[in-house]
Protein chains: 2
Amino acid sequence: MPVDLGHSQALRLLHDVSLQLVRDGGVDLSNRQMSILLTIYLELPPHTVRGLAQKLNVTKPVITRALDAMGDMDLVARRRDPADRRNVIVQRTVQGALFLEKLGDLVVANARALQP
Amino acid sequence: MPVDLGHSQALRLLHDVSLQLVRDGGVDLSNRQMSILLTIYLELPPHTVRGLAQKLNVTKPVITRALDAMGDMDLVARRRDPADRRNVIVQRTVQGALFLEKLGDLVVANARALQP
DNA sequence: TTAAATCGTTACGGTTCCGTATCGAAGGCC
DNA sequence: GGCCTTCGATACGGAACCGTAACGATTTAA
């Protein structure tokens, strides 16, 4: 699906997508939460609290709290690492995969509608 | 700048952009704030508190508070409507235009880097 | 076997945002 | 003039998030 993405189209795409997310009033994630969620689902596992904190350049409590919030929404899950029980492995969930699938659809649909 | 934007590339683009925004730790806007800012700069003026509230499907205090916060950052400005002094006209600023320009560049650069 | 290091979580005070309800200012209408 | 509507802002109590600092659990090293 080739899309002619210039400066103006890029901003328009962000505008349309964010507007629909806000208007629908469904799952409401902060920038950090969204960034964490996308990292978990798009980058290679395993994901730990410490690893995510380093990658996002934030402190560990930020990750813990974000995982708490997203865990309550069933978007991610946590599991102790059996090899080193100090570590926590962050895992994907069906609910989280579903949410990201819809998000991807939303972006693609808006990118397509962008063309004149 | 044609970009092959499928489902997977769309999510990857969101991931890369949001990750860089979080990592840089600069201007940190919520989804609602970002949505308001993009609406002000991409849609036709004039923009009023009430109009933005309707468009985003949120209450008026949400808009007032977002404008307070973004006004402190000089991303937007407010002015009374001289024709009907009950209204407040939301205006763009140099600082805001600059921020959105950089944001557009970021999206375009990441979209370009997406291609294999 | 102690001592030190690492990992994720929690405690704390402070800040920001939320939704509901209400407010004063301004305009429209009789 | 008096009444009602509309506009944006504010008050309020509650919830969420922040950064710093400490904590318990676990592993590693001496």
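## A tour of the two-chain model

Begin by selecting helix α2 (residues 31-42) and helix α3 (residues 49-56) of chain A, whose axes come within 11 Å of each other and cross at roughly 115 degrees. The crossing of α2(A) and α3(A) is right-handed. To see what makes this contact, show the side chains of A:Arg32, A:Ser35, A:Ile36, A:Thr39 and A:Ile40 on α2(A), and then those of A:Leu52, A:Lys55 and A:Leu56 on α3(A). Coloured by class, the residues of the contact between α2(A) and α3(A) come to 4 nonpolar, 2 polar and 2 charged. Keep in mind throughout that this is a predicted model.

Now zoom out to the whole of chain A, in which 5 helices and 3 strands are assigned. Followed from the N terminus, the elements of chain A run β-α-α-α-α-β-β-α. Along its principal axes, the C-alpha atoms of chain A fill a box of roughly 55 × 25 × 25 Å. Of its 116 residues, 45% count as buried. Among the contacts in chain A with a separation of 6 or more, 56% are between residues 24 or more positions apart.

Next, select A:Arg78, which is found in strand β2 (residues 76-80) of chain A. With a relative accessibility of 38%, A:Arg78 counts as partly exposed. Leaving aside residues up to four places away in sequence, the residues that A:Arg78 touches are A:Thr64, A:Leu67, A:Asp68, A:Val88 and A:Ile89. A distance drawn from the C-alpha atom of A:Arg78 to that of A:Thr93, 15 residues apart along the chain, comes to 10 Å.

From there, go to helix α5 (residues 94-114) of chain A and pick out A:Ala109. A:Ala109 has a relative accessible area of 42% and is therefore partly exposed. The C-alpha atom of A:Ala109 is separated by 15 Å from that of A:Phe99, the two residues being 10 apart along the chain.

Then move to chain B and select its helix α3 (residues 49-56), where B:Val49, B:Leu52, B:Ala53 and B:Leu56 are buried. These residues lie on the same side of α3(B), because they cover an arc of only 100 degrees around the axis. In general, an α-helix has 3.6 residues a turn, so residues three or four places apart point the same way. Turn the view to the other side of α3(B), and B:Arg50 and B:Gln54 are found exposed there.

What covers the buried residues of α3(B)? The cover includes α2 (31-42), α4 (60-72) and β3 (88-92) of chain B, and it also includes α1 (7-24) of chain A. Just after α3(B) comes B:Asn57, a residue whose phi is positive, near 65 degrees.

Finally, display both chains together and superpose one on the other: a turn of 180 degrees, with a shift of 0.0 Å along the axis, lays chain A on chain B with an RMSD of 0.0 Å. The two copies are thus related as by a two-fold rotation axis. To locate this axis in the viewer, select A:Val3, which of the residues of chain A comes closest to it, at 2.5 Å for the C-alpha atom. If the interface residues are then coloured on each chain, 100% of those of chain A are also interface residues in chain B, so the copies meet through the same surface.

Notes
Residues are numbered from 1 along each chain as its sequence is written. Chains are lettered from A and ligands numbered from 1 in the order in which they are written. This is a predicted model: local features need pLDDT of at least 70, side-chain atom pairs count only at pLDDT 80 or more; totals for chains, interfaces and linings use all residues. Side-chain values use heavy atoms; hydrogens and water are left out. Buried means under 20% relative accessible area, exposed over 50%, partly exposed in between (1.4 Å probe, protein chains only). Helices (H or I, at least four residues) and strands (E, at least two) are DSSP runs, numbered from the N terminus. The arc is that of the directions from the helix axis to the C-beta atoms. Contact means heavy atoms within 4.5 Å. Copies are superposed by least squares on the C-alpha atoms of residues with pLDDT of at least 70 in both. Axes are lines fitted to C-alpha atoms, for helices over the stretch in contact, and angles run from 0 to 180 degrees between N-to-C directions. A crossing is left-handed if the near helix is turned anticlockwise from the far one by less than a right angle, and right-handed if clockwise. Ala, Val, Leu, Ile, Met, Phe, Trp, Tyr, Cys and Pro count as nonpolar, Asp, Glu, Lys and Arg as charged, and the others, Gly among them, as polar.
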